[in-house]
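Let's walk through this model together, starting with a backbone oddity and then moving on to the ligand. Have the structure open while you read.

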Amino acid sequence: MPQYKLHYFNFRGMAELTRLIFHYAGVAFEDIRFEKSEWPQLKASMPFGQVPVLEVDGKPLSQSYAIARYVARQHGLAGQDDWEQAEVDMYADCIKDFMILGRPMYEEHDPEKQKILMNKFMTETMIPHMLVIEAQLGKNGGVLVGQDVTWADMACYSFFSFVISKNPDVLNDSPNITALLARISSNENIKKYLETRPDTDI
Ligand SMILES: N[C@@H](CCC(=O)N[C@@H](CS)C(=O)NCC(=O)O)C(=O)O
């Protein structure tokens, strides 16, 4: 087994999906978390000057979804054939869009402007795309692709569990997404991780 070291800030952010994949798969990795005050000293050592970065036997890999996909492929969570892998990527990219397009809303501090951004994000992106995910889970027996949990489901879990920690009503009309979250959070490895995970705001 390679030696994995995951470098990121001490919050969930863009590393949490990979952390969850490692824990779900029961694979040991070093979860290296640092504070914002330490970042200026570390930035130059990261390939794109950004994190997350995964070191695999000393070799660095950057870009959160490249990292998550790589770890998922190595541990049987990326789909059974090329088509399934493409479908898994499709749903994972949909979740990545949520994260990228939702970011300006979290960074806006003026409540009025934040409300406008929130409405636009919800009506143009989140609600229509959530309906697709909800319907697919219903059609496909509770997971997005194939017969079992993949990293697309983990991406869904990572994103929506964060969202409902801020706004518990978001999944009121989404029983299938709610069931997926319950399924993943009842995994023994995930349960153990959640018991000890640092309690961070983002
Ligand atoms: N496209 C990159 C974006 C990574 C990114 O935005 N990282 C932020 C933290 S979430 C960062 O390193 N910020 C510090 C900086 O840019 O100096 C990915 O998906 O990994």
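In which loop is Pro 52 found? Pro 52 is in the loop between α2 (39-42) and β3 (53-56); helices (H or I, at least four residues) and strands (E, at least two) are DSSP runs, numbered from the N terminus. Before going on, a word on the ground rules: this is a predicted model, where local features need pLDDT of at least 70, side-chain atom pairs count only at pLDDT 80 or more, and totals for chains, interfaces and linings use all residues. Residues are numbered from 1 along each chain as its sequence is written, and side-chain values use heavy atoms, with hydrogens and water left out.

Back to that loop. Val 51 and Pro 52 are joined by a cis peptide bond, with omega at about 15°. A little further along, Asp 57 has a positive phi, near 50°, though it isn't a glycine. Asp 57 is found in the loop between β3 and β4 (59-62). Most residues other than glycine have a negative phi, and most peptide bonds are trans.

Now the ligand. Val 51 turns up again here, alongside Gln 50 and Ser 64, in the polar contacts (pairs of N or O atoms within 3.5 Å).

| Ligand atom | Protein partner | Distance |
|---|---|---|
| oxygen | N or O atom in the side chain of Gln 50 | 3.2 Å |
| nitrogen | polar backbone atom of Val 51 | 2.8 Å |
| oxygen | N or O atom in the side chain of Ser 64 | 2.6 Å |

On its own the ligand has 510 Å² of accessible area, and the protein covers 77% of that (Shrake-Rupley method, 1.4 Å probe).

Who else is around? The ligand is surrounded by 13 residues (a heavy atom within 4 Å), and the closest are Trp 39, Lys 43, Val 51, Gln 63 and Ser 64. By class, that shell has six nonpolar, four polar and three charged residues, with Gly counted as polar. β1 (4-9) and α4 (82-107) are the elements that give two or more residues to it.

Finally, the domains. UniProt, in an unreviewed entry, places "domain: GST N-terminal" at residues 2-79, and annotations there may be inferred rather than shown by experiment. That span is 32% helix and 24% strand, and its end C-alpha atoms lie 21 Å apart. The feature "domain: GST C-terminal" is placed by UniProt (unreviewed entry) at residues 81-202. Residues 81-202 are 75% helix and 0% strand, with end C-alpha atoms 34 Å apart.

How values were computed. Polar contact = N/O pair within 3.5 Å; in protein donor to acceptor, adjacent residues only side chain to side chain.
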